Amino acid sequence: MLRSSKPFAVLAMFSMLLTATTAVKAEWGLNLPTPVTPIGEEILNLHNLIMLICAVIFVGVFSVMFYSLYAHRKSKGHEASQFSHSTKAEIIWSVIPALILVGMAIPSTATLIHMEDTTEADLTVKITGYQWKWRYDYLDSGFHFYSNLSTDRAQILNEAEKGPNYLLEVDRELVLPVGKKVRFLVTANDVIHAWWVPKLAVKKDAIPGFINEIWTRIDEPGTYRGQCAELCGKDHGFMPIVVRAVPPEEYDAWVAEKQAAMEQAAADGARAWGRNELIAKGKEVHSTCAVCHGADGKGIPNVFPPIAGSDVAQGPVEQHLEVVMNGRQGTPMQAFKHQLNDVELAAVITYQRNSFGNATGDLIQPADVSVLR
Amino acid sequence: MATAETAHHEHHDHHPTGLMRWVTTTNHKDIGTLYLLFSLLMFMVGGAMAMVIRAELFQPGLQIVDPHFFNQMTTMHALVMIFGAIMPGFVGFANWMLPLMIGAPDMALPRLNNWSFWILPFGFAMLLGSLFTAGGGPAGGWTLYAPLSIQGGMSVDMTIFAVHMLGVSSVLGAINVIVTIFNMRAPGMDLLKMPLFVWTWLITAFLLIAVMPVLAGAVTMLLTDRHFGTAFFDPAGGGDPVLFQHIFWFFGHPEVYILILPAFGILSEIIPTFARKPLFGYVSMVLAVAGIAFLSFIVWAHHMFTVGMPLVGELFFMYSTMLIAIPTGVKIFNWVATMWRGSLTFETPMLFAVSVVFLFTIGGLSGLMLAITPADFQYHDTYFVVAHFHYVLFSGAIMAMMGGAYYWLPKWTGHMYDERLGKWHFWTTAIFFNITFFPQHFLGLAGMPRRIPDYALQFTEFNVISSIGAFGLGISQILFVYVVYKCIQGGERATQEVWDNPRGLEWTLPSPPPYHTFETPPVIK
């Protein structure tokens with residue numbers, strides 16, 4: 001009994017050693033990050049085990065080769081023997097690898113079966129990939145929101161110092177309760193994306209027309225960051241994922257807050273808005289537009305047209321509404337009527353028509369937007 | 001041998017000279033040279049694109065190129081290296097060496113041979129030309145996944161057409177290889193007496209014929225989706241984006257072996273020569289190559305574990321992929337056994353061969369890790385994968401070709417290459433290669449996705465190291481071009497055998513061999 005468990009003890013020691021070295025050099029990130037989910041734990045152990053086996057095989061085979069390179073050199077006067085086969089050796093080095101593979105396949109299969117079991121979830125979140133942002137629908141609580149990169153463009157263009165979470169920060173995080181089994185339904189609106197958070201060990205392609213399932217259970221409260229993993233066009237590198245795991249009570253409070261905000265938004269859409277509040281709100285919403293058109297509305301010459309002094313923002317209101325709501329075919333300008341509500345659209349258009357030197361004096365009400373839907 | 005030489009002196013060639021010689025040639029040696037030089041040119045072009053990629057990734061933030069152009073570079077780098085550098089490179093070796101190795105006077109279908117080559121420059125003019133169209137070149141990755149590639153501009157159509165042309169070229173080349181090997185072997189050259197390079201190419205040629213049409217089908221469906229209202233890959237019309245990936249990788253995985261099997265063949269020629277010992281386990285080598293080729297058809301979906309396959313599918317593709325380790329292991333063990341108790345020397349070709357065995361195995365073992373489905377969910381689409389396939393393709397296919405080039409250059413040109421510079425080229429290549437790609441394993445594990453033009457700050461250090469390695473690797477290749485150029489121009493005269501008692505019919509011919517060889521078949525003992 002003791003004898004048979006010895007190799008495993010050695011293996012365990014090695015993988016502990018490996019993890020320990022990793023922890024010391026955390027900022028150099030040599031290994032998979034320390035996971036915060038049971039599946040992540042299983043995968044990390046599996047990864048360490050397989051890597052260790054590979055390393056042992058590698059060292060074994062190449063010790064033989066390098067010994068030969070050293071000892072069997074012509075310059076040392078080694079005479080070549082002329083043997084050219086050995087059935088016994090060839091059988092041994094086919095059968096032993098086969099047995100090692102079986103040994104690897106068993107724990108891998110167990111982990112895989114565990115990963116694919118999405119039953120008995122406590123809550124379900126639908127994740128939709130867009131070029132280049134994520135939408136999260138809390139199906140049990142009836143609200144949704146979009147999550148965009150919040151890193152300032154100046155940082156990307158090296159005009160400002162980069163923050164600690166450069167490219168891995170968003171305006172609205174995905175909030176989840178710890179200790180609950182969360183089922184994700186993953187899909188996409190335009191092209192294929194992949195939703196990936198390394199510390200959760202969750203990666204699944206988001207494919208238009210398909211709904212993929214995957215689950216997680218986060219054990220430690222905290223903020224976990226990831227990125228889109230499937231090439232999805234120009235800004236593939238700029239659609240991060242941030243998950244904030246909180247205790248269940250805090251989660252419930254957050255959900256209640258979101259639901260209240262939803263009701264508030266519905267009420268806001270029904271009333272008439274004053275000039276100042278529209279412009280204040282519009283300035284906030286403009287951050288969505290600023291991704292391409294800039295916070296100053298100047299855009300990028302020959303790539304993204306300016307809003308400042310543009311025909312669209314100074315011409316007829318209907319045309320401006322049309323462009324923002326329905327997008328422009330064949331350009332990166334998307335149809336924002338799916339992403340922004342009536343108030344947000346009314347506010348941002350009002351803001352744009354009265355800022356950056358545009359002085360149309362127009363005031364657009366949520367009701368004006370609503371009739372165009 | 002004596003017959004071959006006499007035959008040459010009595011033979012008067014009537015072929016055009018100058019440029020027209022190369023345009024109209026049907027001679028396997030000329031066409032082999034064309035293929036090899038074309039491959040070298042494309043290697044430099046694709047390498048230049050890699051330099052742009054690594055320069056942008058040298059520091060976080062956007063410095064040199066915008067994300068859209070960055071995506072064009074990653075896409076084109078892959079297409080140019082795979083279809084322009086590696087595949088034509090191996091066809092060049094096949095053209096030069098197959099007839100010499102099996103004692104045939106030429107390839108079986110010489111005019112077809114000319115045509116297969118001359119399609120290439122036009123195909124690549126089309127592909128590279130797409131970079132200059134409005135909106136730039138294809139930017140959806142070399143895998144051309146739908147629906148992203150549906151969004152691209154005219155460049156995607158040009159790429160599709162170029163892929164068709166390159167496919168035609170490859171299939172014609174493959175037909176020629178098969179016909180030559182089956183019909184033109186010298187009397188007594190039984191199948192199981194053929195050099196291993198011939199065997200690997202025979203199997204590669206069958207793979208090419210099997211899968212290039214599959215790729216052609218996939219890109220044609222893409223074309224009709226783009227322009228003719230079909231919806232093969234568009235869910236809004238009842239299509240399926242994942243279908244494209246299945247078709248693509250049904251081509252793509254055998255393609256991976258198309259890129260590596262001839263490299264195995266080259267290693268199996270070089271190692272016995274410098275070990276002064278016969279290849280260990282010839283029959284098991286042939287069986288291993290055939291086994292790898294067979295398995296390549298049933299493992300494709302391991303490239304797409306994250307698309308959401310059913311559990312049974314994931315298990316099947318995990319197990320079948322793991323099986324590949326067995327025949328690959330056999331090959332590695334056989335090479336090591338070939339060196340064992342030999343009388344080893346380390347001229348440049350041997351240095352390359354030994355390092356390929358060593359470095360390719362790193363790529364092979366990371367491939368085994370990638371086969372483990374649950375772990376693959378963490379590795380997929382990260383720099384771990386980038387590191388993996390550069391270990392198998394650069395330090396597998398490309399460095400094997402370099403070794404092969406040094407091995408046969410004296411035969412081809414009649415001059416010895418500069419051994420000192422060759423060794424310099426080897427060491428700089430091997431060292432800078434590892435500086436470039438080894439840190440990418442860490443980057444991938446730490447969570448850096450592939451195909452991104454900018455990255456979070458925790459990835460900075462390894463990206464800096466990787467970029468420095470890449471610049472060194474790029475500069476080292478200029479040395480390679482110089483060594484090849486110098487060897488063509490002149491140098492110490494090569495003997496007929498070049499090396500110390502090498503095996504194979506090519507060494508029974510003078511260096512360089514006459515324009516026409518083996519017009520009278522040699523006698524095989």
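**Exercise 1. Strand partners in a sheet of chain A**

Task: Determine which residue of strand 10 of chain A stands opposite A:Arg225 in this predicted model, and place the pair in its sheet.

Solution.

Step 1. In strand 10 of chain A, the residue opposite A:Arg225 is A:Val242. A second pair is formed by A:Gly226 and A:Ile241, the latter in strand 10 of chain A.

Step 2. The strands concerned are strand 9 (residues 222-228) and strand 10 (residues 240-246) of chain A, which are antiparallel and joined by six bridges.

Step 3. Strand 10 of chain A also pairs with strand 4 of chain A; these two run parallel and share four bridges. Here A:Leu176 stands opposite A:Ala245 of strand 10. Strands of a sheet pair through backbone hydrogen bonds, in either the parallel or the antiparallel sense.

Step 4. The complete order of this open sheet of chain A is 4-10-9-6-7, with five strands and mixed pairing. Strand 4 (174-177) and strand 7 (202-206) of chain A each have a single partner strand and therefore stand at the edges, with one side lacking a neighbour in the sheet. On average, neighbouring strands of this sheet are turned by 25° against each other, direction ignored.

**Exercise 2. The surroundings of strand 10**

Task: Decide whether strand 10 of chain A is mostly covered or mostly uncovered, and identify which helix lies across strand 4 and strand 10 of chain A.

Solution.

Step 1. Of the seven residues of strand 10 of chain A, five are buried, and the strand is mostly covered.

Step 2. The helix that lies across strand 4 and strand 10 of chain A is helix 5 (residues 248-270) of chain A. Its direction is at about 135° to strand 4 of chain A.

**Exercise 3. A second sheet and a residue at its edge**

Task: State which strands stand at the edges of the open sheet 3-2-1-5-8 of chain A, then describe the position of A:Phe145.

Solution.

Step 1. The sheet with the order 3-2-1-5-8 in chain A is open, has five strands and shows mixed pairing. Its edges are strand 3 and strand 8 (212-216) of chain A; each has a single partner strand, so one side of each has no neighbour in the sheet.

Step 2. At the edge formed by strand 8 of chain A, the pairing with strand 5 (residues 182-188) of chain A is antiparallel and covers five bridges. One opposing pair consists of A:Arg183 and A:Trp215, the latter in strand 8 of chain A.

Step 3. A:Phe145 belongs to strand 3 (residues 143-147) of chain A. Because 17 other C-beta atoms lie within 10 Å, A:Phe145 is partly exposed.

Step 4. Not counting residues up to four places away in sequence, A:Phe145 touches A:Tyr136 and A:Arg172. A:Phe145 and A:Glu173 are 28 residues apart along the chain, and their C-alpha atoms are separated by 9.4 Å.

**Exercise 4. A residue in a helix of chain B**

Task: Establish whether B:Leu202 counts as buried or exposed, and list which residues it contacts beyond four places in sequence.

Solution.

Step 1. B:Leu202 is part of helix 8 (residues 196-227) of chain B.

Step 2. B:Leu202 has 25 C-beta neighbours inside 10 Å. The threshold for a buried residue is 20 or more, so B:Leu202 counts as buried.

Step 3. Apart from its neighbours within four places in sequence, B:Leu202 is in contact with B:Val177, B:Ile178 and B:Ile181. B:Pro262 is 60 residues from B:Leu202 in sequence, while the C-alpha to C-alpha distance between them is 9.2 Å.

**Exercise 5. The two chains and the confidence of the model**

Task: Describe how many residues the contact between the chains takes, and which stretches of chain A and chain B have a pLDDT under 50.

Solution.

Step 1. The contact involves 77 residues of chain B and 76 residues of chain A. On the side of chain B, helix 13 (residues 325-339) gives the most, with nine residues. By class, this side of chain B has 48 nonpolar, 21 polar and eight charged residues.

Step 2. For the complex, the predictor reports an ipTM of 0.91 and a pTM of 0.89.

Step 3. The average pLDDT of chain B is 94, with 98% of the residues scoring at least 70. For chain A the average is 88, and 91% of the residues score at least 70.

Step 4. In chain B, pLDDT stays under 50 over residues 1-10. In chain A, such stretches include residues 1-7, with zero contacts beyond four places in sequence, and residues 20-26, with three such contacts.

Definitions and conventions: Residues are numbered from 1 along each chain as its sequence is written. Chains are lettered from A and ligands numbered from 1 in the order in which they are written. This is a predicted model: local features need pLDDT of at least 70, side-chain atom pairs count only at pLDDT 80 or more; totals for chains, interfaces and linings use all residues. pLDDT is the predictor's confidence in each residue, from 0 to 100. Two residues are in contact if their C-beta atoms, placed from the backbone, lie within 7 Å. Ala, Val, Leu, Ile, Met, Phe, Trp, Tyr, Cys and Pro count as nonpolar, Asp, Glu, Lys and Arg as charged, and the others, Gly among them, as polar. Two strands pair if DSSP finds at least two bridges between them. Axes are lines fitted to C-alpha atoms, for helices over the stretch in contact, and angles run from 0 to 180 degrees between N-to-C directions. A residue is buried if 20 or more other C-beta atoms lie within 10 Å of its own, exposed if 12 or fewer, and partly exposed in between; C-beta atoms are placed from the backbone.
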